[in-house]
Amino acid sequence: MALMIVALIVPGCTSGRKAETLSDDAFLDNLMAQMTLEEKLGQLNLPVTGDIVTGAARESNVAEDIRNGKVGGLFNLKGAQAIREVQRIAVEESRLGIPLLFGMDVIHGYETIFPIPLALSCSWDMAAVERSAQIAAAEATADGICWTFSPMVDICHDGRWGRISEGSGEDPYLGSRIAEAMVRGYQGADLADPATMMACVKHFALYGAVEAGREYNNVYPDDFHMFNEYLQPYKAAVDAGAGSVMAAFNTVHGVPATGNKWLLTDLLRDRWGFQGFVVSDYCGLEQLCDHGVCSTKEEAAIQCLEAGLDMDMVSAGLVALADAVRAGRCSQKTIDVACRRMLEAKYKLGLFEDPYRYCDTTRRAQVVLSPEHRAEARRIAGESMVLLKNDNDLLPLRKQGTIALIGPLANTRPNMSGTWAVAAVPEHYKTIREGLRDALEGTGAKLLYTKGSNVLYDPQAEAIATMFGREMRDNRSAEEMRAEALRIARQADVIIAAMGEASEMSGECSSRVNIEMPDAQHDLLVELAKLGKPIVLVHFAGRPTVLNWETDHLPAILEAWFGGSETADAVADILFGEVNPSGRLTVQLPRHVGQYPFSYRQMRTSRLNPGGEFAKYITCYSDVSNWPLYPFGYGLSYTTFEYGPMTLSNDQMAIDQSVTASVTITNTGKMRGSEVVQLYIGDRVAKGVRPYKELRGFERITLEPGESREVSFTIDADRLGYYEPATLQWTLEPGEVEIMIGRNARETDMRLLTVQ
Ligand code: BGC
């Protein structure tokens, strides 16, 4: 009976079919006209469900709220069957039968996990980035999810911040290209396609600039730096059509982003033309009170709504505004606008047509963790790893002799996916030990293994580092474990050390000030190095780390980051030469944590010593160089690439014309390999201070041994411009610009271009 009544009120809603005869607008107008104030507010409410919570879990009767039309969506509930059941409550048991949005932190894959975003960015392969998002969407949507809280595009210059692992590194140009590729991958050409999901670009804005790298802290970039660095990837994602945006926890201009009208309306909607909806981050609304800009949750809710927030994650502040509207403290019109945006999102996702379109268990069985997806993830993981050092071509290893695999990251399954892998099923993934075992099968090579050390000496610190089921503590003494490691290492021809951070040492709320090799592992490495045997360090990390000792004492270092579900096979592929490493750093690696914040995009400044070393009355440290240990864009290969001289088609350029910068690259080694050719510019004189060097183009090429290829970049005002300080409009002023091409930010060839 209830069903029939609902069907009469909103034709088609509960029957799961939108009325054929109504246009999109008419359908939504018609629906809005049926809704009570409380039901409209309900659409703005996003409580959490499931086991995964990132803030305080709330006691609530979610099912009852859904029945009463007080819920617009849910997040982090896993499984098509569970989601179908909850959707059924919304569609069949609420008065208007409006379907729910189901969101999840699908950050770098669903069950097939791709490398953590920082690692993925090191592939510089936009097709791979897009494909990873497409596969994530195909799997998540088969399991009930239609909305992902990704891409995270926060630019970060500080390796202390744990969430640097979730972004694409330090560069706004590369970050923008990745942001677009992710949105394209998730959303495809049609959001109503059951294999695509809505993207949510986050955290808007500037979250990556948290002071001192400390989680949830304040940020201070001024407008000039905001526009020229931090804002660009968010804008790129919006321009690519991202359906939603998540407001950041931090303040911008001293006002929390969630309640910041300048940010959410003036910039995002009026200047950038964003058409989708804005959701707060977890309890971001009520945190206006913590920030001390509001004294009650109602005040916070009104401020956020009026600033342009449409959906409230977990605070349950917007849903409680009915009295405020009736008393005239909050405008009904603003609620209508927000509610309409939420309904439009559901409409675009095709939920009114078929609320269960993302709950197809047959499709789930076919696509989730399919061999094809896993093969793609393995390939992409291989592209994301960066070979930092390889003295005397120690790598690739031959599949022969005795290999000792040692380290606390060698035999752990749950750590391989990396942080923020909500849907991961580690029991289906391999450990490094298993990956190497499989790669060596039938070769006669012998693989020995021992753990050698815990992650950290301090059990309490290790418990924090391995939370969320990553626990791996060995209760033997450090001495006992080390003695066994040395005994095994002595029998080996080569040692592979699988060491570094456990996966939860980066990610949300994992800021750290000690970013060197964890103590117990460092001490073990020192002892192993004394044996004089060749050591390959397979290094795991979710952030840039300080690898001074390792660089000075070990012949080969592979920065593996966290490669996702296929990490183990991808590491084996590289170690044994099935795959030629091609990753390039998207954050420079520091020499000392005290260098932070820093970026290769050093702004022009007075008193800079170009050599970066100490000189009195120059901007530098007296105890460490200004330079990184490994520069932005850096990475080795098993082959060698020679760069010919760079040419410019003309050294003069009218401001409305273009020139071409070219270089010929030759693979001078013996193996097929990929190189990332990088274009940098340096504007010598501009009204606003510009970096000495900033990335403005790149191309990833693959060459056979002996093969040469010319790579060209069109240089025009768009590629050279910047947001000038007075108007914050994209501008190029006449003058000299250095055009540079090279293999990384420190090894470039330069030609001078005069813009007239
Ligand atoms: C994080 C977001 C995430 C949300 C939902 C928050 O704590 O900052 O990135 O999407 O939780 O899980």
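These legends go with several close-up views of a predicted model.

**View 1. Strands 5, 6 and 9 make an open sheet.**
This sheet has three strands in the order 5-6-9, and the pairing is parallel. Which strands sit at the edges? They are strand 5 (200-204) and strand 9 (277-279), and each of them pairs on one side only. If you ignore direction, neighbouring strands here are turned by 25° against each other on average. Look at strand 5 and strand 6 (residues 244-247): they run parallel and are joined by three bridges. To pick out a partner, start at Phe-204 and go across to Ala-247 in strand 6. Helix 10 (residues 232-239) packs on this sheet and touches both strand 5 and strand 6. The direction of helix 10 makes about 155° with that of strand 5.

**View 2. Cis peptide bonds turn up at Lys-202 to His-203 and at Phe-204 to Ala-205.**
Stay with strand 5 and zoom in on the backbone. The bond joining Lys-202 and His-203 is cis, with omega at about -10°, and His-203 lies in strand 5. From Phe-204 to Ala-205 the peptide bond is also cis, and omega is near 5°. Where does that bond lead? Ala-205 is in the loop between strand 5 and helix 9 (223-230).

**View 3. Trp-420 has Lys-202 over its face.**
Here is Lys-202 again, this time for its side chain: it lies over the face of Trp-420, 5.6 Å from the ring centre. You can find Trp-420 in the loop between strand 12 (402-406) and helix 18 (432-440). Is Trp-420 buried or exposed? Its relative accessible area is 11%, so it counts as buried, since the cut-off is under 20%. Check the backbone of Trp-420 too: its phi is positive, about 55°, although the residue is not a glycine.

**View 4. Leu-728 is a non-glycine residue with a positive phi.**
The phi of Leu-728 is about 55°. This leucine is in the loop between strand 24 (722-723) and strand 25 (730-731). Why does Leu-728 count as buried? Its relative accessibility is 11%, and buried means under 20%, so Leu-728 makes the cut.

**View 5. Tyr-596 and Phe-598 pair up edge-to-face, and Tyr-600 and Phe-632 are stacked.**
A pair of aromatic rings is described by the distance of the centres and the angle of the planes. A search of the whole structure turns up 23 aromatic pairs. In one of them, Tyr-596 and Phe-598 meet edge-to-face, with 5.5 Å centre to centre and 80° between the planes. Both of these residues are buried. Now move to Tyr-600 and Phe-632: their ring centres are 4.2 Å apart and their planes are at 15°, so this pair is stacked. Tyr-600 and Phe-632 are 32 residues apart, and both sit in the loop between helix 23 (567-575) and strand 17 (641-643). Tyr-600 is buried, and so is Phe-632.

**View 6. Ring pairs link six residues into a cluster.**
Which residues belong to the cluster? They are Trp-124, Tyr-173, Tyr-600, Phe-632, Tyr-680 and Phe-698. You have already met Tyr-600 and Phe-632 as the stacked pair.

**View 7. Strand 11 runs antiparallel to strand 16.**
Strands of a sheet pair through backbone hydrogen bonds, either parallel or antiparallel. Four bridges join strand 11 (residues 386-390) to strand 16 (residues 556-559). Leu-387 stands opposite Leu-558 in strand 16. How many residues of strand 11 are buried? Five of its five are, so to speak, under cover.

**View 8. Five strands form an open sheet with mixed pairing.**
Trace the strands in the order 19-27-26-21-22. At the edges you find strand 19 (652-653) and strand 22 (694-703), each with a single partner strand, so one side of each has no neighbour in the sheet. Inside this sheet, strand 26 (residues 735-744) and strand 27 (residues 747-755) run antiparallel and share nine bridges. One spot to look for is Asn-744, which stands opposite Glu-747 in strand 27.

**View 9. Arg-746 lies over the face of Trp-627.**
Find the ring of Trp-627 and look for the arginine over it: Arg-746 is 3.5 Å from the ring centre.

Notes
Residues are numbered from 1 along each chain as its sequence is written. This is a predicted model: local features need pLDDT of at least 70, side-chain atom pairs count only at pLDDT 80 or more; totals for chains, interfaces and linings use all residues. Side-chain values use heavy atoms; hydrogens and water are left out. Rings of Phe, Tyr and Trp (its six-membered ring) pair if their centres lie within 6.5 Å; planes under 30 degrees apart count as stacked, over 60 as edge-to-face and the rest as tilted. Buried means under 20% relative accessible area, exposed over 50%, partly exposed in between (1.4 Å probe, protein chains only). Helices (H or I, at least four residues) and strands (E, at least two) are DSSP runs, numbered from the N terminus. A charge sits over a ring if NZ of Lys or CZ of Arg is within 6 Å of the ring centre and within 35 degrees of the ring normal. Two strands pair if DSSP finds at least two bridges between them. Axes are lines fitted to C-alpha atoms, for helices over the stretch in contact, and angles run from 0 to 180 degrees between N-to-C directions. Contact means heavy atoms within 4.5 Å.
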